[in-house]
Amino acid sequence: MLFAILYGVWLLPHTVFVRNSCLVGGALLSFPIIAKHWRLLFQRAAAPIWLIVLLLVWVTIHLLFIGQDFDRQYLEYTTIWKKIAIGCVFALGLGLVIGQNTNPKTAKTSWAIIYWGLLLPSLIYFGKYILGIVALHYGLTLSPYLILNPDHMGSPFGIARARYVFFCLPAMAVGLGCIANDLKRKTLHWQSAIFYLLSVPLTLTLFELEGDRLGAVYAIALLGVFALVVARNMIDVRRPILTMLALALMVSASVWLVQKVTYQSPLWHQFWADAKMAVQVDKYDAWQTRVLPINELGIPASDSNYMRISWAIVGTRLLMQNPLGYGLLSLSFGGLGKQIWPNAQISWTHSAWLDFALSYGLPALIMIWLAIALTWQEAKALNPPWNTLGRWGLFIAAAVMLTKEVSTEVVLNSMIFMIVWVAALGLSTPNTKPKLPPTPKPTPGQQ
């Protein structure tokens, strides 16, 4: 329950007390679990956890001997990395207690709470959306906490849409993964299918309202993978109608999203023209001044297209020149860049992973990517539905960080939390792997 609350408010501004209370409370509850099962940490499946421990050690070394801005880096170390360390304890205990649970009823309840927690960011968003409509209709004044505010740069209550993509997509990914698991095992029930499919319209509508192009791309990719899985398992002739309806829903949702967010966006139509300008970072310095050049279509290049590509190129060059990083989570691109171009108006790139590498160097990036890869691989051995956390949820979260500017404390904390959590689930012995009870076969009248 603490995890569900934490995940629901992680992206919300001015929820520090709630977040910290959940982290500390979860860590305190985890200590006795870890003390009881510490021997499970000494097995091959625990490698991702030890890689995260090594990452924390590396960040400490980086602070003391490598970083180029000690005062600000120390501030981040005592705030951001302290919370990440506490979150690791929470995640480890959460994974172990679920992994050692052999009661099917308790496991089923735990899974339901966890999945509702994954849905909470989307549910809170639409709760605010509905409240906004009601308030407008009746002339009510809402608290800033209850208003959807996209101005994350100018308002203390604003939320960047990139955060919605990171925190809302995992619920959709895990839901689709659960349906795929049930199809593969031929245990799909329409009740559970509807429950998991709830995440699809929630996520797609949220991206349409926010107008997030890349969020739409990730969602379409997920739906495409799911459609392939469904098609592969259509041999389940016991439920051909349900299977066809699921496929029709996925295809319809994909077409709708392409039309509403992707195809209608003018940024896609000028993407290649903008890209031709953006790759010429030595010829055009618009990426420094933010005065956008005119592309071959005779119109100013899109800020999103141009900056995303040009900063990726410049950031990669800076990383090759500074493979050990600068030391600040979200401002290292600006710190390193201004050493060469003092007047450049840059702060962070549009890739959280590139920002992370510029912050703590290639060694840190290799550690966390290796931890993700090992966790993803080990998750395959977990019983459904827990394997979907790593195979679908962790994967899509890591993918989002490739192209979204989410290099913030809450995102990195959430990512490392999920790595340790899923890895801890895999520490269970074969007869105590986390699982739900086998789904009973329906009677002919229920099909």
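In the protein chain, 76% of the contacts with a separation of 6 or more are between residues 24 or more positions apart. The model is predicted. Its chain has 18 helices and 0 strands. Of the 447 residues, 52% count as buried. The chain exposes about 20,500 Å², and 68% of this area is supplied by carbon and sulfur atoms.

A nonpolar patch of about 1,100 Å² lies on the surface. Its members are Trp38, Phe42, Trp50, Val53, Leu54, Val57, Ile61, Leu64, Phe65, Phe70 and Tyr74. Two elements, α3 (47-66) and α4 (70-99), give two or more residues to the patch. Helix α3 provides the largest share, with 7 residues. Tyr74, also a patch member, is found in helix α4.

Aromatic rings were then examined as pairs. A pair of aromatic rings is described by the distance of the centres and the angle of the planes. The count comes to 31 aromatic pairs. In the pair formed by Tyr7 and Trp10, the ring centres are 6.5 Å apart and the planes stand at 75 degrees. Because planes over 60 degrees apart count as edge-to-face, the Tyr7 and Trp10 pair is assigned to that class. Tyr7 has a relative accessible area of 2% and is therefore buried. Trp10 is likewise at 2% relative accessibility and counts as buried.

The rings of Phe70 and Tyr74 have their centres 5.9 Å apart, with the planes at 15 degrees. This angle is under 30 degrees, so the Phe70 and Tyr74 pair is stacked. The two residues are 4 positions apart in helix α4, and they are therefore separated by about one helical turn. Phe70 has a relative accessible area of 44% and is partly exposed. Tyr74, at 43%, also counts as partly exposed, since this class lies between the limits of 20% for buried and 50% for exposed. Both Phe70 and Tyr74 belong to the nonpolar surface patch, whereas Tyr7 and Trp10 are buried.

Tyr7 and Trp10 are also members of one aromatic cluster, which further includes Phe3, Phe90, Phe166, Phe167, Phe417 and Trp421. A contact between a charge and a ring involves Arg391 and Trp376. The charged end of Arg391 sits over the ring of Trp376, at 3.7 Å from the ring centre.

Key. Residues are numbered from 1 along each chain as its sequence is written. This is a predicted model: local features need pLDDT of at least 70, side-chain atom pairs count only at pLDDT 80 or more; totals for chains, interfaces and linings use all residues. Side-chain values use heavy atoms; hydrogens and water are left out. Patches are made of residues with over 30% relative accessible area and no salt bridge: like charges are joined within 9 Å, nonpolar side chains (Val, Leu, Ile, Met, Phe, Trp, Tyr) within 5 Å. Accessible areas come from the Shrake-Rupley method with a 1.4 Å probe; for residues, only the protein chains shown count as cover. A salt bridge is a side-chain nitrogen of Lys or Arg within 4 Å of a carboxyl oxygen of Asp or Glu. Buried means under 20% relative accessible area, exposed over 50%, partly exposed in between (1.4 Å probe, protein chains only). Contact means heavy atoms within 4.5 Å. Rings of Phe, Tyr and Trp (its six-membered ring) pair if their centres lie within 6.5 Å; planes under 30 degrees apart count as stacked, over 60 as edge-to-face and the rest as tilted. A charge sits over a ring if NZ of Lys or CZ of Arg is within 6 Å of the ring centre and within 35 degrees of the ring normal.
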